[in-house]
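Dear colleague,

I am passing on the structure below and would be glad if you could look it over. My notes on its packing follow underneath.

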Amino acid sequence: VANVSHELRTPTTVFKGYLETMIDQKHLCPPSWLPALEQMSAHADRMQSLIEELLLLSRLEREDRVPDPQPILVSELLSEILKQARVLSGARDHLFSLEADPTLRIMGNRNEIYSAISNLVFNAVHYTPTRGVIQLRWYRDDTGAHLEVQDNGIGIDDEHVERITERFYRVDPSRSRSDGGTGLGLAIVKHVLMRHDATLN
């Protein structure tokens, strides 16, 4: 999978580059071409995202531990991710709240932790209806450090909970594809957490 993904990366980048150039010069194209170009561009973006996530997942599965863990200020990460989540929310105008211990750090790989947290938060955005509530909480207690992502979205039936971290497993295939998801996000979350001696509940 990693080898194939790596080989697909270059041609996909070339496709994307030419499509972006053509869309930027749309005044030179027949008007009837524009919808097709935009659709191809959207699918090229999705393909590139899938390739990058497969490569990341393959690397995470090969390595059991983070090679050079560094201290990460998670409250800072959460602020960055929340800004992106607001942009992703757009006209759906979700109500966000963030409660984070500003001193609580963990040891790990910043990019991996960012990827795991952003996957959880962006899932909440995708599956929470307009004006829904999304709450983020980062705190410590006697058992350790905890990140909670809570929303009042559509939820997940009990029958799916055990399988949602499997590659490409979709609770609602039609909805996931229309939202542009790859079906790899929660698999990445699981493997990042395993490498950081953490658990997903």
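**Core and sheet**

The largest nonpolar core, meaning a set of buried Ala, Val, Leu, Ile, Met, Phe, Trp, Tyr and Cys residues joined through side-chain atoms within 4.5 Å, has 31 residues, and those with the most contacts inside it are Ile 117 and Val 121; buried here is under 20% relative accessible area, with a 1.4 Å probe and protein chains only. This is a predicted model, in which local features need pLDDT of at least 70 and side-chain atom pairs count only at pLDDT 80 or more, while totals for chains, interfaces and linings use all residues. Residues are numbered from 1 along each chain as its sequence is written, and side-chain values use heavy atoms, with hydrogens and water left out.

At least two residues of this core come from each of helix H2 (34-62), H3, H4, S4 and helix H7 (185-195), where helices (H or I, at least four residues) and strands (E, at least two) are DSSP runs numbered from the N terminus. H4 gives the largest share, eight residues. Leaving aside residues up to four places away in sequence, Val 121 touches Ile 81, Ala 85, Leu 136 and Val 149, contact being heavy atoms within 4.5 Å. Another core, of five residues, lies apart from it and includes Leu 19 and Leu 37.

Three strands make an open sheet of mixed pairing in the order S2-S4-S5, two strands being paired if DSSP finds at least two bridges between them. Its edge strands are S2 (95-100) and S5 (144-151). S2 pairs with S4 (residues 133-141) in the parallel sense over six bridges, and Glu 99 stands opposite Arg 137 in S4.

Best regards

Key
Buried means under 20% relative accessible area, exposed over 50%, partly exposed in between (1.4 Å probe, protein chains only).
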